[in-house]
Amino acid sequence: MPIDEQVALLMQGTEYGDETLRRTMEAELRERLQEGRPLRVYLGVDPRTSDLHLGHTVPLRKLRQFQDLGHETILLIGTFTALVGDPSDQLRGRALMSPEEVEANARTYAEQAFRVLDPQKTIIRYNAEWLSKLAFADLIHLASHFTVQQFLARESFAERLKSGDPIFLHETFYPLMQGYDAVALQADVQIGGTDQLFNIVVAGRKLQEAFGQRPQVAILLPLLPGTDGVRKMSKSLGNHIPLNTTPEDMFGKVMSIPDEAMSIYFKLVTRYPPPRIAAIEEGLRSGSLHPRDVKMELAREIVSIFFGEEAAERAEAHFRTVFQERAFPEEMPTFPLAGPQPLVDLMVAAGLAPSRSEARRLIRQGGVRLDGETVSDVEAVVTIDRPKVLQVGRRRFVRLLPKGD
């Protein structure tokens with residue numbers, strides 16, 4: 001691939017919050033690519049949870065792009081940094097984790113990451129290899145390159161200082177540790193979210209220079225919005241699309257995102273090159289492409305990445321059967337479902353039946369459907385992790401929403 005096309009692909013979707021910094025990183029990336037050697041590129045992940053969602057795959061997808069271009073790619077599992085937890089974008093201190101918790105989570109990370117990365121081309125490293133061996137004198141040396149003012153100027157720390165919330169001393173160690181990761185790996189490029197700007201650009205590059213290394217190129221990516229299209233994707237917010245789910249569930253969740261969020265999903269999650277995405281965006285602007293058809297293409301592409309083409313086709317067929325051929329109305333009442341609830345009680349609470357006895361009668365007669373599937377068990381309990389449609393008869397519909405949606 002010509003250098004210009006490589007740069008366009010690798011910089012696609014990046015965000016720096018500063019145009020000068022973006023141009024600097026692009027120029028440095030171009031310079032290194034022109035050297036004609038494989039670059040050492042890494043992505044660090046802290047295993048503070050065991051399950052990954054689609055938002056976690058955004059930097060993995062970027063690492064895969066470097067991988068496909070023939071560069072040396074490293075997935076760094078933060079078995080030591082996870083003990084502290086990254087204070088970036090945190091308005092309160094994180095709870096310390098035990099080594100046992102970190103180890104248990106770390107075991108699942110590589111397996112899930114390989115749904116994006118090529119396992120044959122991925123080097124797995126753990127930062128406990130070098131961070132656990134640093135002496136107190138080493139920490140003093142690392143800290144001597146930074147001022148307290150630099151840390152307090154960070155938005156998360158500044159907000160906590162202003163509101164009187166505590167900033168624990170160990171939280172300031174995190175950027176030092178992540179910066180030293182770049183030194184230990186002698187990295188050419190580090191990939192991370194926009195919340196990692198201080199850790200990658202300030203701490204990482206500064207420490208590399210202090211150790212006589214060429215400072216790494218920062219590839220910073222925005223945080224993927226969740227299914228609400230506004231807030232960042234998060235399990236705690238209930239707007240996430242998990243990797244450990246079914247193709248049908250993933251397809252349906254992608255179809256639920258707002259139209260205005262499609263562009264960033266194409267740029268951050270799909271395998272599409274920049275010209276193809278630009279053509280889709282132009283088609284949406286001109287009206288030559290219908291948003292529904294574009295979103296179907298997006299959902300099919302994302303599901304195929306994680307489950308394969310055949311599963312994506314089955315998921316699309318399921319979605320068409322349930323949501324299109326059954327002609328659910330676009331507008332319908334919604335009902336939040338906080339947890340498992342007996343179907344009979346749910347029908348009464350949602351106003352779909354006047355009484356529990358009537359609800360049972362409707363179920364026995366085959367007049368109740370959940371996402372297009374007839375429910376015949378009067379003892380059925382409904383639990384959902386994504387929006388679903390509960391239908392009674394031909395004209396009564398309620399969209400069930402998981403708690404937090």
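Start with the open sheet of 5 strands, whose order is S6-S12-S11-S8-S9 and whose pairing is mixed. Strand S6 (334–337) and strand S9 (373–374) stand at the edges, each with a single partner strand, so one side of each has no neighbour in the sheet. The model on screen is a predicted one.

**Across the sheet**

Select S6. Its side chains alternate: Phe335 and Leu337 point to one face and are buried, whereas Thr334 and Pro336 point to the other face and are not. In general, the side chains of a regular strand alternate between the two faces of the sheet.

Add strand S12 (residues 396–402), which runs parallel to S6 and is joined to it by 4 bridges. Phe335 has Leu400 as its bridge partner in S12.

Next, show strand S8 (residues 368–370) together with strand S11 (residues 388–392). These two run antiparallel, with 3 bridges between them. To see how they line up, pick Leu370, which stands opposite Leu390 in S11.

**A covered strand**

Move to strand S4 (residues 189–193). How many of its 5 residues are buried? The count is 5 of 5, and the strand is mostly covered. Both faces are involved: Val189, Ile191 and Gly193 are buried on one side, and Gln190 and Gly192 are buried on the other.

Show strand S1 (residues 40–45) next to S4; the two pair in the parallel sense over 3 bridges. Here Leu43 stands opposite Ile191 in S4. Then show strand S5 (residues 217–221), which also pairs with S4 in the parallel sense, over 5 bridges. In that pairing, Gly193 stands opposite Leu221 in S5.

**Arg40**

Stay with S1 and select Arg40, which lies in that strand. Is Arg40 buried or partly exposed? Its relative accessible area is 27%, so Arg40 counts as partly exposed. Leaving aside neighbours within four places in sequence, Arg40 is in contact with Glu72, Ile74, Leu185, Gln186, Ala187, Asp188 and Val189. A distance to check in the viewer is the one between the C-alpha atoms of Arg40 and Ile74: they are separated by 7.6 Å, while the two residues are 34 apart along the chain.

**The nonpolar cores**

Now select Ile219. Not counting residues up to four places away in sequence, Ile219 touches Leu10, Met11, Thr14, Tyr16, Leu29, Lys62, Phe66, Val189, Gln190, Ile191 and Gly192. The largest nonpolar core has 63 residues, and Leu29, Leu54, Ile219, Tyr265 and Ile302 touch the most other members. Helix H15 (residues 291–307) gives the most to this core, with 8 residues. Apart from it lies another core of 23 residues; to find that one, select some of its members, including Leu343, Val344, Leu346 and Val398. In soluble globular proteins, nonpolar side chains tend to be buried together.

**Two helices to finish**

Select helix H12 (residues 247–255). The helix is mostly covered, with 8 of its 9 residues buried. Those buried residues are Pro247, Asp249, Met250, Phe251, Gly252, Lys253, Val254 and Met255.

The last stop is helix H9 (residues 155–163), where Leu161 is found. Leu161 counts as exposed because its relative accessibility is 52%, and the cut-off for exposed is over 50%. Add Val148 and Leu152 to the selection: with Leu161 they form a nonpolar patch on the surface, and together the three have about 270 Å² of accessible area.

Conventions
Residues numbered from 1 in each chain as written. Predicted model: local features only at pLDDT ≥ 70, side-chain atom pairs only at ≥ 80, totals over all residues. Heavy atoms only, no water. Core = buried A, V, L, I, M, F, W, Y, C linked by side-chain atoms within 4.5 Å. Buried < 20%, exposed > 50% of the residue type's maximum accessible area, 1.4 Å probe, protein only. Contact = heavy atoms within 4.5 Å. Patch = residues over 30% accessible without salt bridge, like charges linked within 9 Å, V, L, I, M, F, W, Y side chains within 5 Å. Areas by Shrake-Rupley, 256 points an atom, 1.4 Å probe, with all protein chains shown as cover. Salt bridge = Lys/Arg side-chain N within 4 Å of Asp/Glu carboxyl O. Pairing = 2+ DSSP bridges.
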